[in-house]
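Please look through the sequence and the three-dimensional structure shown here, and then follow the paragraphs below, which lead from the pockets to the charged pairs and on to the confidence of the model.

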Amino acid sequence: MGIVSRGFGGRRSSRAVNLPPGQYLVEDFPVLSAGPTPLVNLGSWTFTVRSETGEAQEWNWAQFLALPHESITVDLHCVTKWSKLGTAWEGVSLDTLLSDVASSAEFVLVSAYGGYTTNLPLEDLLDGKAWVADRYDGEALSPEHGGPARLLVPHLYLWKSAKWVRDIQLLNNDEPGFWESVGYHNYGDPWREQRYWGD
Ligand SMILES: Nc1nc2c(c(=O)[nH]1)N[C@H]1C(S)=C(S)[C@@H](COP(=O)(O)O)O[C@H]1N2
Ligand SMILES: [Mo]
């Protein structure tokens with residue numbers, strides 16, 4: 001008869017089970033950017049949501065800071081296979097940012113300062129699943145990790161979390177973003193290991 005351990009070792013392995021397939025843990029916070037870190041001046045920073053009919057809602061930095069912020073602690077999963085658990089952010093929920101926009105669109109294309117884009121279904125931004133984050137680990141978000149503010153969509157691979165986010169365009173028809181147009185999976189669910197086209 002075997003002895004079943006319910007000690008700390010058992011807990012540690014049940015935590016390991018929470019890692020999506022093919023991922024490994026990191027303790028540091030890698031920086032992955034397709035180009036140089038853009039210099040974004042807070043005085044000219046704006047964040048815009050534009051509906052499929054062209055109706056726009058825009059916030060400058062002071063207006064964005066005045067919006068209700070939430071504290072969120074989430075796990076990050078990068079398609080290059082690192083995962084970082086328990087990262088602490090503060091940001092504005094997309095539910096807040098999209099609440100006054102009249103739309104029947106199903107898709108969004110997110111654009112960043114510097115030109116990066118990424119696409120996702122609108123519903124993946126709603127119901128407490130996504131934020132525009134401006135603080136990380138109790139401090140202003142650093143430029144290399146997307147400061148002044150980045151999208152944070154932790155249930156999808158991290159390439160969907162556009163750093164230096166600038167605007168969100170609502171669309172009736174899906175349009176692939178930067179990585180999605182050159183071979184990354186259109187949706188990118190880490191739990192279904194949707195890394196590349198055909199996965
Ligand atoms: N604007 C912009 N956002 C981006 C990227 C980028 O190149 N430009 N890279 C994406 C990818 S592939 C990853 S893994 C994460 C990395 O975020 P980090 O540098 O904060 O770890 O940012 C995502 N957001
Ligand atoms: Mo990535």
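How do the residues of the lining of the second largest pocket divide into nonpolar, polar and charged? In this model, which is predicted rather than determined by experiment, that lining holds 10 nonpolar, two polar and two charged residues. The second largest pocket has a volume of about 200 Å³, and of the 14 residues that line it, Leu42, Leu141, Pro143, Gly147 and Pro148 lie nearest its centre. The elements that give two or more residues to this lining are α2, which covers residues 61-66, and strand β8.

The largest pocket has a volume of about 480 Å³. Its lining is made up of 28 residues, and those closest to the centre are Leu32, Ser33, Ala34, Tyr116 and Trp179. When the lining of the largest pocket is divided by residue type, 19 of its residues are nonpolar, seven are polar and two are charged.

From the pockets we can turn to the charged side chains. A search of the whole structure finds four salt bridges, and three of them can be followed here one by one. In one of them, the side chains of Arg135 and Glu90 meet with a distance of 3.5 Å from N to O. This pair links distant parts of the chain, since Arg135 belongs to strand β8 (residues 131-136) and Glu90 to strand β5 (residues 82-93), with their positions 45 residues apart in sequence. Arg135 counts as partly exposed, at 29% relative accessibility, and Glu90 is likewise partly exposed, with a relative accessible area of 25%.

Another salt bridge joins Lys160 and Glu180, whose closest N and O atoms are 2.8 Å apart. Lys160 lies in the loop between β10 (150-152) and β11 (165-171), while Glu180 lies in the segment after β11, so the pair ties together parts of the chain that are 20 residues apart in sequence. Are the two partners buried or exposed? Lys160 counts as buried because its relative accessibility is 0%, and Glu180 is buried as well, because its relative accessible area is 3%.

A further salt bridge is formed by Arg192 and Asp189, with 2.9 Å between the closest N and O atoms. Here the partners fall into separate classes: Arg192 counts as exposed, at 54% relative accessibility, whereas Asp189 is buried, with a relative accessible area of 13%.

Strand β11, met above beside the loop of Lys160, is also the place of Gln169. Leaving aside residues up to four places away in sequence, Gln169 touches Arg50, Ser51, Glu52, Phe107, Val108 and Leu109. For a sense of distance, the C-alpha atoms of Gln169 and Lys84 are separated by 29 Å, and these two residues are 85 residues apart along the chain.

It remains to ask how confident the prediction is. The mean pLDDT of the protein is 93, and 91% of its residues reach 70 or more. Among the elements of the protein, β10 has the highest mean pLDDT, at 99, and helix α1, which covers residues 8-16, has the lowest, at 46. Over residues 1-14 the pLDDT is below 50, and beyond near neighbours in sequence this stretch has zero contacts in the model.

Notes: Residues are numbered from 1 along each chain as its sequence is written. Chains are lettered from A and ligands numbered from 1 in the order in which they are written. This is a predicted model: local features need pLDDT of at least 70, side-chain atom pairs count only at pLDDT 80 or more; totals for chains, interfaces and linings use all residues. Side-chain values use heavy atoms; hydrogens and water are left out. Helices (H or I, at least four residues) and strands (E, at least two) are DSSP runs, numbered from the N terminus. Buried means under 20% relative accessible area, exposed over 50%, partly exposed in between (1.4 Å probe, protein chains only). On a 1 Å grid over the protein atoms alone, a cavity is a set of points where a 1.4 Å probe fits but cannot get out, and a pocket is an open set with protein on both sides within 12 Å along at least five of seven lines; lining residues have an atom within 4 Å of a point. Grid points are joined across faces, edges and corners, and a volume is the space filled by probe spheres set on the points. Ala, Val, Leu, Ile, Met, Phe, Trp, Tyr, Cys and Pro count as nonpolar, Asp, Glu, Lys and Arg as charged, and the others, Gly among them, as polar. pLDDT is the predictor's confidence in each residue, from 0 to 100. Contact means heavy atoms within 4.5 Å.
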